[in-house]
Amino acid sequence: MADTDEPEKKRRRVVELTEKMVVDGGRDGGEWDGRWNHINMFLERPGPFTHPDFEPSTESLQFLLDTCKILVIGAGGLGCELLKDLALSGFRHIHVVDMDTIDVSNLNRQFLFRLKDVGRPKADIAADFINGRIPGCNVVPHFKKIQDFDESFYRQFHIIVCGLDSIIARRWMNGMLLSLLVYEDGVLDPSSIIPLIDGGTEGFKGNARVIFPGMTACIDCTLELYPPQINFPMCTIASMPRLPEHCVEYVRMLLWPKEKPFGDGVGLDADDPEHIQWVYQKSQERAAEFSITGITYRLTQGVVKRIIPAVASTNAVIAAACATEVFKIASSAYIPLNNYMVFNDVDGLYTYTFEAERKENCSACSQVPQDLYFSPSAKLQEVLDYLTENASLQMKSPAITATLEGKNKTLYLQTVASIEQRTRPNLSKSLKELGLLDGQELAVADVTTPQTVLFKLSFTS
Amino acid sequence: MAATKASKEQKYDRQLRLWGDHGQEELENAHVCLINSTASGTELLKNLVLPGIGSFTIVDGHKVSGEDVGNNFFLSNHSIGRNRAQAATELLQELNTDVSGNFVEESPDQLLDNDPEFFHRFTLVIGVQLPESTCLRLGSVLWNANVPFLVCRTYGLVGYMRLVVKEHTVIESHPDNALEDLRLDQPFAELKSHIQSYDLEGMGKKDHGHTPWIIIVAKYLEKWFSEHNSQLPKNYKEKEAFKQLIRQGILKNEKGTPEDEENFEEAIKNVNTALNPTKVISSGVDDIFNGEQCNDITSQTPAFWLMTRAVREFVQNDGSGNLPVRGSIPDMIADSEKFINLQNVYREKAMQDASVVSKHVEALLQSVGKVCGPYSCILRCCSLSSACSMDSADGEMVLYLMLRSVDRFYQQHSRYPGVYNYQVEEDISKLKLCVNSLLQEYSLNVNVKDDYIHEFCRYGAAEPHTVASFLGGSAAQEAIKIITRQFVPFNNTFIYNAMSQTTATFQL
């Protein structure tokens, strides 16, 4: 605390901030002397470790400032850091996409937001703050889902950097950039490649990776690095709880639909404190029945909302690593990370950097049709289960179509209620019954990819 | 008042799940000092202000320059010419109204000359972009005052951190992959009688399939002991034989095919780790037990050493050479009642052991004339191991030597190499002389390639924002570890190489 009791010495004044002091940077776009000194070294000077393509020039800075277009996906923990890092590295044409609004629990790390901003779109507030603080920077916000845009939007960017909290979204982005690739006579046109820098964090752990679609390992090539989320078995939740989490899941999944505590058709809103309070109380009752201890409000909320702990520091580290890679690629100043870095500061600081390899038969980037092996008497349900449970595919709600007798037929689709109802009986029919032939091509659409994935069905005896 | 507390809980929810309310309290009672509000410093401080550090004071005698504003999110071009500490404090303070920000418009050297005790009041002092001479002066004052000192530096594409602290004790280390403490090789009395209460052969089918794997392993271990002279299965062959023994215990249906008993599969899967002999004392713990602070208990002895001594008393007198039982078991396939009962056996034993340790603490306190209030003391045995990572990679070690060499350059020429374009070429040979004299002085037989010398001249002592931000994030978390006494800090020198995105930690 400031030593307000000590006499003010002439030599030293410990001053506490008063409200009169200026807070905002101002909005002029003017330059000033020395502004880019800290990055000019890397653009104007030759060096022994630069990329083979690098040419020192006073024009490189102009490219970054005037021409280079970067897309940031996500304006949350990583996104806020990324926008700051890019703006202070000479990038001015930045777009940011985020479908979320600001929550109080974001404020411990998403530093572009204040209490007064709660409820507003993250993308809008983030863009405003950066543009106000960094003169000349022009961040364009999009309060939208990534799926709301098509190729024409994504094609305009030189580099795309993701700070997402969802594997599905990552895979979709990955698929979108793969769909932009142009092949001429089987040879990839390098100008159609948009590099994708991807960062992820969870508590004290994080990772950063560089993807050149069509050339290096893509998100789906390393899908096994993300093991499928483990949900508790139903029998444990329904009749044999052992942990406090089991009790909360029981209330969320079984008791709520039964008791409808806030009225018919009122679903559990994880953001409504009243709902959480009800779940908390019922969870305590359930736990008491089985002599389980440890139910707290915080635990209840964590289970219902699937909360992942988060701090400013990890996000700062991972975003910084990603932004450094964006700078390297945009300026050719250095050879980029090849291609995956893992970070963990639970015990000291630990990083591990390695080259993730492309998967030969990757369902996203290998262009090799995927194989499906089933007996003709297998039910369509089995195919569906395989698509969702297989570690390399991990689809969420695949829609399966096939060309039968010259016509495109939807065998099963979940995401539209009426079609789901109509096609549901197909699940219990055998592949033979459905008219599928050996060698048949199946087209599968899923939220994890913007393009359909083609499968070749081979019958086993 | 209640409203503010509630909204703080909401705001800090995501981090409270990591270091708890008690960790947060430590953070909110802390007062840190940052020396030099360059980008590395303000980024670090931002990552302390956001989670709610109690207060900070920035010490900086510099005026804001155009290039300062260019890489620093917390300096605006309107503040060019003003004192840098004040300018940065304003924009950092604005991040979080819970935090109190102060500034001193002086250089650290001035303070060291006139009022070195100024630094005694801080929980932690962070020095950023300091010349070596200032670092050494400051380091010595802080060492004698027992104030932890974190030195940070961004130099081109290299980040550097050094932790200077006499002794840092961690009680809650939250180890990531700790082995379970099941005591199956030497079950305590209560565990033994609990195991005896089970009759696997006489059970009904439902109970059989819902018996915790710990009980299953324990039961079959008894069988094994009787046939193998009370020796644990030692090698691969014996462990496989033991697993077979368990597998034979799976119930079979009328046709003779084994039932689907997942708990038995769990037992088999866990044999390898469950049969690890209860580790008596690792060498790290031994060192701590034999430490001077542990032996000579006085009325000044800090809490950590009191508890350590009490644990040592426990090990020697009550635990038959073992540490107190940890008390936790992993989740496993079982019906609720069986699981909870088994969990309680371990928990109650842990609490019993903890209260014995507690009594030892009381006795020690009484012996030095202090009185203690009732408190619970549940120690995790892993936390007593000292953190010491020796991770030496040639690449990063060279970078460290280069940093020391540019310091030498600064001493000789009062500037860093290659700051202006025209200097780059001529400074290479000058820097090389510094490198060689450093290697000679420390009798190091290391070859530093000319490429690195060229590269460090090329850097021109630049502080690119992204590298400063990486370092600021890394350093801030280490600072939080020191303040909250949770999680193990790095020990003691860290290098980040942004060219290769690799890091290394050395103990120097």
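Reader: Into which domains is chain B divided?

Author: This is a predicted model. Chain B splits into domain 1 (1-170 + 463-506), domain 2 (174-278), domain 3 (282-383) and domain 4 (396-459). Domain 1 is written as two segments, 1-170 and 463-506. Between the C-alpha centres of domain 1 of chain B and domain 3 of chain B, the distance is 35 Å.

Reader: What box do the C-alpha atoms of chain B fill, and how many helices and strands does chain B have?

Author: Along the principal axes, the box is roughly 90 × 55 × 45 Å. Chain B holds 20 helices and eight strands. Of its 508 residues, 57% count as buried.

Reader: Now the interior. Which residues touch the most other members of the largest nonpolar core?

Author: The general idea comes first. Nonpolar side chains tend to be buried together in soluble globular proteins. Here, the largest nonpolar core has 161 residues. Phe91(A), Leu112(A), Leu48(B), Phe119(B), Leu150(B) and Phe456(B) touch the most other members. Helix H11 (residues 312-331) of chain A gives the most to this core, twelve residues. Another core, of 56 residues, lies apart from it; Trp278(A), Ala287(A), Ala218(B) and Phe264(B) are among them.

Reader: Which residues does Phe91(A) touch?

Author: Leaving out residues up to four places away in sequence, Phe91(A) touches Leu64(A), Cys68(A), Ile70(A), Leu86(A), Cys137(A), Val326(A), Phe327(A) and Ala330(A).

Reader: Which residue does UniProt list for "active site", and why does Cys235(A) count as partly exposed?

Author: The unreviewed UniProt entry lists Cys235(A). Cys235(A) sits in helix H7 (residues 234-239) of chain A. Its relative accessibility is 44%, so Cys235(A) counts as partly exposed. That class lies between buried, under 20%, and exposed, over 50%.

Technical notes
Residues are numbered from 1 along each chain as its sequence is written. Chains are lettered from A and ligands numbered from 1 in the order in which they are written. This is a predicted model: local features need pLDDT of at least 70, side-chain atom pairs count only at pLDDT 80 or more; totals for chains, interfaces and linings use all residues. Side-chain values use heavy atoms; hydrogens and water are left out. A nonpolar core is a set of buried Ala, Val, Leu, Ile, Met, Phe, Trp, Tyr and Cys residues joined through side-chain atoms within 4.5 Å. Buried means under 20% relative accessible area, exposed over 50%, partly exposed in between (1.4 Å probe, protein chains only). Helices (H or I, at least four residues) and strands (E, at least two) are DSSP runs, numbered from the N terminus. Contact means heavy atoms within 4.5 Å. Domain bounds come from an automatic or database domain assignment. UniProt positions are given in the numbering used here, feature names are shortened, and annotations may be inferred rather than shown by experiment.
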